[in-house]
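Here's a quick tour for anyone meeting this structure for the first time. Have a look at it below, and then we'll walk through it from the inside out.

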Amino acid sequence: MPAGGALNVDKHMYEKVCFIVEGRGSTEVWTEGSKKQTFEWQKGSTFSIPLNASHRFVNATNSPALIYCGTTAPNVMNLFDNVNFIFNNDFNFTDRYSGDDDFFKSVEDVEPDPVRGLAMRRTNFIPDLINCELPLDNRRSPGYRRVEPHMAGNRFYFWIGQHETGRYSKAHKHASAAVLLCLKGKGYTYTWPAELGMQPWEAGRGDMVKRQDYEYGGLVSAAPMSGDWFHQHFGISKDPLRVSAWHGPNNQRSRKAGLPGEAIMDYGAIDLKKGGSAIPYSDEDPHLRKEFAERLAAEGVSSRMLPEFYTDAAAGDAVGNVM
Ligand SMILES: [Fe+2]
C-alpha cells in the first residue's frame with residue numbers, strides 16, 4: 001500500500017487473512033445493518049476480514065505498508081466461476097460477523113482445537129504475531145511452541161510455531177500443504193522427496209535435497225510439488241526461529257473428515273517406525289547434525305541439541321512426540 005492513501009472498498013465471497021509485514025494503518029469494516037468500525041494495525045498485526053464484509057484499508061502515514069494476505073479465492077472461483085457472484089453478492093453472513101464493537105479485540109484465551117486437541121485461540125485480531133505468547137507444544141522439537149488462531153469463523157487454517165534457539169525440528173512428510181512465513185530469527189529449510197529416504201546424503205543423493213535460506217518475511221513451501229516431501233527447519237540465529245504456516249482451506253490434517261471408525265492420528269508428530277511420518281533424530285542423516293553445529297558456531301550461537309535427543313530410547317516419547 002502506498003503512503004498516504006487508501007485502497008478501494010472491497011467485498012468478496014472468499015475469506016481473507018492479513019499479516020502486516022511492515023507499516024502502519026487502519027481498516028474499516030461494515031456490513032448491511034452494522035455500523036462501520038475501524039481498527040488500527042502495525043507491523044506484526046494479524047486479522048481476518050469477515051466473509052463478504054465491506055472493507056477499506058487506509059494508510060495515513062508517509063511510508064508504504066506491506067500486507068501479506070491469504071485467501072480462499074482460488075477455491076471459491078473454481079467452484080462458482082462467476083465474478084459477479086463473488087464480488088457483488090449481498091448475502092450477509094451474520095453468523096460470522098455481527099458488527100460487535102469488540103469483534104477486532106484480541107482474545108488471549110487458549111482452548112483445544114476440536115479435532116486434534118492442539119492449542120487454539122479464537123480471536124479475530126492478534127496485535128503482534130511476531131512476539132505473541134505461544135503455549136508449549138513439543139511436537140516438532142523439544143521446547144517447540146505453537147498456537148493455531150481461529151479467526152472470523154473461517155475455514156482458512158494457519159498456525160504459528162517456534163523452535164527454541166539452538167534447536168532444530170525433526171523432518172516429517174505429508175501432502176503438499178502450507179506456505180511457511182518466517183516471522184523471527186533466521187535459518188534454513190531442507191526438503192526432499194520421500195523416495196530419497198531418511199538419509200539422502202548417506203545414500204549419495206544429497207544433491208537432490210532442496211535448500212532454502214530464510215529470514216523475516218521470507219516464504220518457504222514446506223512440502224512442495226506433488227507433496228509427500230520431507231521437510232526440516234533449522235534456526236541459527238540468537239533469536240528463536242518463529243514461522244507461521246498458512247494452509248488455506250485445504251489442510252488435510254486438522255480438518256480431515258476421516259472415515260467411520262478411523263482413529264485420528266497426528267502422523268506428522270509420530271515417528272516413522274511407530275506408524276507416523278516423522279524421522280526421529282536418531283535416524284536422521286548425520287550430515288544434518290554436523291552442518292547445524294557448524295552453522296551455529298559460525299553465528300556464535302550455542303547448540304542446545306542434547307546428546308540424549310539422538311538416543312533411540314529418547315527419540316520418540318520423551319522428546320517431542322506429545323500428541
Ligand atoms: Fe510439515
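Let's start in the middle of this predicted model. The largest nonpolar core holds 20 residues, and those touching the most other members are Tyr168, Tyr190, Trp192, Phe234, Phe292 and Met305. Strand S15 (187-193), strand S18 (229-235) and helix H3 (286-299) are the elements that each give two or more residues to this core. Tyr168 has plenty of company: leaving aside residues up to four places away in sequence, its contacts include Phe234, Phe292 and Met305, along with Arg140, His163 and Glu284. There's also a second, separate core, made of 18 residues, with Val21, Met151, Leu181 and Trp246 among them.

Next up is the metal. An iron ion has three protein donors, His172, His174 and His231, each using its NE2 atom and lying 2.1 to 2.2 Å from the ion. Along the chain, the donors follow the spacing H-x1-H-x56-H. His172 counts as buried at 5% relative accessibility, and His174 is buried too, with a value of 10%.

Now for the outside. Leu79, Phe80 and Phe85 make a nonpolar surface patch of about 320 Å². Leu79 sits in helix H1 (residues 73-80) and is exposed, with a relative accessible area of 68%. Helix H1 is also home to Asn75, which is partly exposed at 26%. Asn75 touches Pro249 and Asn250, not counting residues up to four places away in sequence.

Finally, the charged pairs. A search of the whole structure turns up 18 salt bridges, and here are a few of them:

| Acidic residue | Basic residue | N to O distance |
|---|---|---|
| Asp101 | Lys35 | 2.7 Å |
| Glu164 | Arg167 | 3.3 Å |
| Glu291 | Arg211 | 3.2 Å |

The Glu291 and Arg211 pair links distant parts of the chain, 80 residues apart: Glu291 is in helix H3 and Arg211 in strand S16 (residues 210-214). Here Glu291 is buried at 14% relative accessibility, while Arg211 is partly exposed at 33%. As for the Asp101 and Lys35 bridge, Asp101 is exposed, with a relative accessible area of 58%, and Lys35 counts as exposed at 55%. In the remaining row, Glu164 is partly exposed at 25%, whereas Arg167 is buried at 9%. Beyond the table, Glu28, Lys36 and Arg56 are linked in a network of salt bridges.

Key
Residues numbered from 1 in each chain as written. Predicted model: local features only at pLDDT ≥ 70, side-chain atom pairs only at ≥ 80, totals over all residues. Heavy atoms only, no water. Core = buried A, V, L, I, M, F, W, Y, C linked by side-chain atoms within 4.5 Å. Buried < 20%, exposed > 50% of the residue type's maximum accessible area, 1.4 Å probe, protein only. Helix = DSSP H or I, 4+ residues; strand = E, 2+ residues; numbered from the N terminus. Contact = heavy atoms within 4.5 Å. Patch = residues over 30% accessible without salt bridge, like charges linked within 9 Å, V, L, I, M, F, W, Y side chains within 5 Å. Areas by Shrake-Rupley, 256 points an atom, 1.4 Å probe, with all protein chains shown as cover. Salt bridge = Lys/Arg side-chain N within 4 Å of Asp/Glu carboxyl O. Donors = N, O, S within 2.8 Å, 3.2 Å for Na, K, Ca; no water.
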